[in-house]
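Hi,

Here is the structure I promised to send over. Have a look at it first, and then read on for my notes.

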Amino acid sequence: MVSLDYLGENVSTTADAQRARDAYLEVFERIAKEKLHANVSCKLTQMGLDLSPEFCEGLVLSVVERAESYDNFLRVDMEGSIYTQRTVDLVKRIRARIPAVGTVIQAYLYRSEADIRDLLAYGCRIRLCKGAYKELADVAFEKKAEVDGNYVRLMQMLLPSGVYHGIATHDPLMIAKTIRWAAAQQISKDAFEFQMLYGIRTDLQRRLVQDGYRVRVYIPYGSDWFPYFMRRLAERPANLGFLLKNYFRS
Ligand SMILES: Cc1cc2nc3c(=O)[nH]c(=O)nc-3n(C[C@H](O)[C@H](O)[C@H](O)COP(=O)(O)OP(=O)(O)OC[C@H]3O[C@@H](n4cnc5c(N)ncnc54)[C@H](O)[C@@H]3O)c2cc1C
């Protein structure tokens, strides 16, 4: 399965936000027409959150309505912590009207446990990830061990909730702990899904599918690739060497 993300964030004009909305309306149609096992991920700052929260909500609502009409689903990605509260609030408001929307929680934020409780009260589907933005120590854990510890705690809140969630990570330890804990709690393999980014740990993606787990691959597309690319480099500086080697080879 995949989740399609039309690249773009922090747009500076309403016309750009409307173009993103149009791209998402179209992609839901194409998914249905091509009968793909795909849903969609978007970012609120791509839909104009920086310009006007009301305008942004109107655009997202129209995309969620389109998702619902095709029995599909829109995932609102989580961006930097200055957007967290606004994202949670917007998703809750839309979720109260239409179930075809969910969001993302980042294990590096101290606030995430409270946000999960809040969102679960709305039956909201959550993707759990570690978090990809540069955050200050007053809002986020800094040490990997702390982020990982919180990731496991939050995973243990999500899986028994009876809602279908996404466990998004390439970290073999997080995956092993999820598998072990779900088995011990008798949570079935199809009650949740693993999610990974396109092109990262494809070996692990295949192995999980072979072992009977559901796996969704996040596929960004479009031309506004720079911020996404920089976050992937920051996560794994070795990718810079990989890039340079291949750049000079070609
Ligand atoms: C499906 C999906 C959706 C996401 N959505 C969001 C979101 O909405 N908001 C947000 O803040 N973050 C999001 N992220 C990013 C996430 O927060 C992490 O930054 C990213 O997944 C790296 O963390 P990790 O869990 O893989 O663990 P890490 O501890 O960072 O990495 C574990 C191992 O994974 C591999 N790996 C990790 N990253 C890379 C990379 N870039 N290139 C090559 N190998 C790598 C390496 O082998 C590494 O040792 C998403 C991630 C996924 C998989």
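Below is what I found, starting with one strand and moving on to the ligand and a loop residue.

Keep in mind that this is a predicted model.

**Strand β6 and its neighbours**

I began with β6, which covers residues 165-168. Are its faces buried or exposed? Buried, on both sides: His-165 and Ile-167 cover one face, while Gly-166 and Ala-168 sit on the other. That split fits the usual pattern, because side chains in a regular strand alternate between the two faces of the sheet.

β6 has a parallel partner in β5 (residues 125-129), with two bridges between them. It also pairs in the parallel sense with β7 (residues 192-197), there over four bridges. Gly-166 is a handy landmark for both pairings: Arg-127 stands opposite Gly-166 on the β5 side, and Glu-193 stands opposite Gly-166 in β7.

The connections are helical. Helix α5 (residues 144-158) joins with β5 and β6 in a right-handed β-α-β unit. Helix α6 (residues 172-184) does likewise with β6 and β7, and that unit is right-handed too.

**The ligand**

There are 24 residues around the ligand, and the ones that come nearest are Lys-130, Gly-131, Thr-169, His-170 and Glu-235. As for individual atom pairs, a ligand nitrogen is 2.8 Å from a polar backbone atom of Met-78. Another backbone N or O atom, this one from Arg-232, lies 3.3 Å from a nitrogen of the ligand. Glu-235 uses its side chain instead: an N or O atom there is 2.6 Å from a ligand oxygen. Taken alone, the ligand has 920 Å² of accessible area, and the protein covers 84% of that.

**Asp-77**

One more residue you may want to look at is Asp-77, in the loop between β3 (74-76) and α3 (84-97). Why does Asp-77 count as buried? Because its relative accessibility is 4%, and the cut-off for buried is under 20%.

Which side chains does the Asp-77 side chain meet in polar contacts? One is Arg-127, at 2.8 Å, the residue that stands opposite Gly-166. Another is Tyr-218, where the side chains are joined by a polar contact of 2.5 Å. Leaving out residues up to four places away in sequence, Asp-77 also touches others, including Asp-5, Ser-41, Cys-42, Lys-43, Thr-87 and Val-104.

Let me know what you make of it.

Cheers

How values were computed
Residues numbered from 1 in each chain as written. Predicted model: local features only at pLDDT ≥ 70, side-chain atom pairs only at ≥ 80, totals over all residues. Heavy atoms only, no water. Buried < 20%, exposed > 50% of the residue type's maximum accessible area, 1.4 Å probe, protein only. Pairing = 2+ DSSP bridges. Right-handed = clockwise from strand over helix to strand, strands pointing away. Near = heavy atom within 4 Å. Polar contact = N/O pair within 3.5 Å; in protein donor to acceptor, adjacent residues only side chain to side chain. Areas by Shrake-Rupley, 256 points an atom, 1.4 Å probe, with all protein chains shown as cover. Contact = heavy atoms within 4.5 Å.
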